[in-house]
Amino acid sequence: MRKASRLFEIIQILRLARKPMTAADLAETLEVTVRSIYRDIAALQAMRVPIEGERGIGYIMRPGFDLPPLMFSIEEMEAIVLSLALLDRTADEELKQAARRVNQKIAGAVPEPLRQALDRKALYAWGSIAQPAGFDLGIIRRAIRDERKLMLAYRDELGRASERTIRPIALIYYSQTANIVAWCELRQAIRNFRSDRVERCAVSDDFFNGEGDRLRELWTSGWREAPVTV
């Protein structure tokens, strides 16, 4: 277990403990040496984490110190940070801004030992950045949530224009573009629409309430056999 993860676990154990925990107890739980626990306790105390106690007697967490109700291990937070970095390479500006806010909230919520680990900025996402779509992809995400129909002005791969009314059920992000998965009322079938071929996207007054889950089941059941992009 890496040191940052171990410091987090010590805090969690002491928060939940109903009696003082000895260094030997902590060492056995975390599968490290007693000497490592002594060093970790000293490091946490130096960071003003209110741990009281001494060798041979045990350690307790002074009342008044708490972590947020939702807390992650260092590996879980690294997974989130890397996922947010990957998201920053999409063309969805609204989600990119949300990702930056999430990063700030994580940095502001975690205790100092874990914040130091995150501040090293050792994880990066690399690769091409998707070109901005001609419309706000947030319209698609909201329509999926609200089960609301959309009207598209669309050009297929051969440049042929058409007007489509769709029932969007999913959004797939690729490095170059995003695909809208939807029931196409023109084709009476599930189709994938590339966002970079959408010339206009408007929200309809019509809804497809209660149909989203059924359409997603239809889509996933035939996804491996017949994904169709128009």
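**Group meeting talk: a walk through a predicted model**

Let's start at one residue, Ala91, which touches Ala130, Gln131, Pro132, Ala133 and Leu137, leaving aside residues up to four places away in sequence. Before I go on, please keep in mind that this is a predicted model.

So where does Ala91 sit? You'll find Ala91 in the loop that joins helix H4 (74-87) to helix H5 (93-109). And is Ala91 buried or exposed? Its relative accessible area is 14%, and the cut-off for buried is under 20%, so Ala91 counts as buried. One more thing about this residue: Gln176 is 85 residues away from Ala91 in sequence, yet the two C-alpha atoms are 8.5 Å apart in space.

Now let's go back towards the start of the chain and look at some helices. Helix H2 covers residues 23-30 and helix H3 covers residues 34-46; their axes come within 8 Å and cross at roughly 105 degrees. That crossing angle is why we call H2 roughly perpendicular to H3. Which residues make the contact? On the H2 side they are Ala23, Ala24, Leu26, Ala27 and Leu30, and on the H3 side Val34, Ile37, Tyr38 and Ile41. If you sort them by class, this contact of H2 with H3 has nine nonpolar residues, no polar ones and no charged ones.

H3 has another neighbour to show you. Helix H1 (residues 3-16) and H3 have axes that come within 10 Å and cross at roughly 80 degrees. H1 and H3 are therefore roughly perpendicular to each other. Here, H1 brings Lys3, Arg6, Leu7, Ile10, Ile11 and Leu14, while H3 brings Ser36, Ile37, Asp40, Ile41, Ala43 and Leu44. Sorted by class, the H1 and H3 contact has eight nonpolar residues, one polar and three charged. If you'd like a residue to click on, Ile37 is listed in the H3 contact with H2 and also in the H3 contact with H1.

Moving along the chain, we meet a hairpin. Strand S1 (residues 51-54) pairs with strand S2 (residues 58-61) in the antiparallel sense, over four bridges. As a general reminder, strands of a sheet pair through backbone hydrogen bonds, and they can do so either parallel or antiparallel. In this hairpin, Glu52 has Ile60 of S2 as its bridge partner. Three residues lie between the two strands, and Gly56 in this hairpin takes a positive phi near 85 degrees.

Next comes the five-stranded sheet. In what order do its strands lie? The order is S6-S5-S4-S3-S7, the sheet is open, and the pairing is antiparallel. Strand S6 (189-194) and strand S7 (198-207) are the edge strands, each pairing on one side only. From one strand to the next, the twist averages 45 degrees.

Let's take the pairs in turn. Strand S4 (residues 161-173) runs antiparallel to strand S5 (residues 178-184), with seven bridges between them. In that pair, Tyr173 stands opposite Ala178 of S5. S3 and S4 are antiparallel too, joined by six bridges, and Met151 stands opposite Thr165 of S4. The S3 and S4 hairpin has five residues between its strands, and Gly159 in the turn has a positive phi of about 85 degrees. Then S3 pairs with S7, again antiparallel and over six bridges, with Ala153 bridging to Arg200 in S7.

What lies across this sheet? Helix H7 (residues 138-146) lies across strand S3 (148-155), S4, S5 and S7, running at about 80 degrees to S4. Helix H8 (residues 212-222) also packs on the sheet, where it touches S4, S5 and S6, and its direction makes about 85 degrees with that of S4. Within H7, the buried residues are Gly138, Ile140, Arg141, Ala143 and Ile144. Just past the end of H7, Glu147 takes a positive phi of about 55 degrees.

Last stop: the cysteines. In general, a disulfide is a covalent bond between the sulfur atoms of two cysteines. How many disulfides does a search of the whole structure find? It finds zero. Cys184 has a relative accessibility of 0%, so it counts as buried. Cys201 is buried as well, with a relative accessible area of 14%.

Thanks for listening, and do turn the model around yourselves!

How values were computed: Residues are numbered from 1 along each chain as its sequence is written. This is a predicted model: local features need pLDDT of at least 70, side-chain atom pairs count only at pLDDT 80 or more; totals for chains, interfaces and linings use all residues. Side-chain values use heavy atoms; hydrogens and water are left out. Two strands pair if DSSP finds at least two bridges between them. Axes are lines fitted to C-alpha atoms, for helices over the stretch in contact, and angles run from 0 to 180 degrees between N-to-C directions. Contact means heavy atoms within 4.5 Å. Buried means under 20% relative accessible area, exposed over 50%, partly exposed in between (1.4 Å probe, protein chains only). A disulfide is a pair of cysteine sulfur atoms within 2.5 Å. Angles under 35 degrees count as roughly parallel, over 145 as roughly antiparallel, 65 to 115 as roughly perpendicular and the rest as oblique. Ala, Val, Leu, Ile, Met, Phe, Trp, Tyr, Cys and Pro count as nonpolar, Asp, Glu, Lys and Arg as charged, and the others, Gly among them, as polar.
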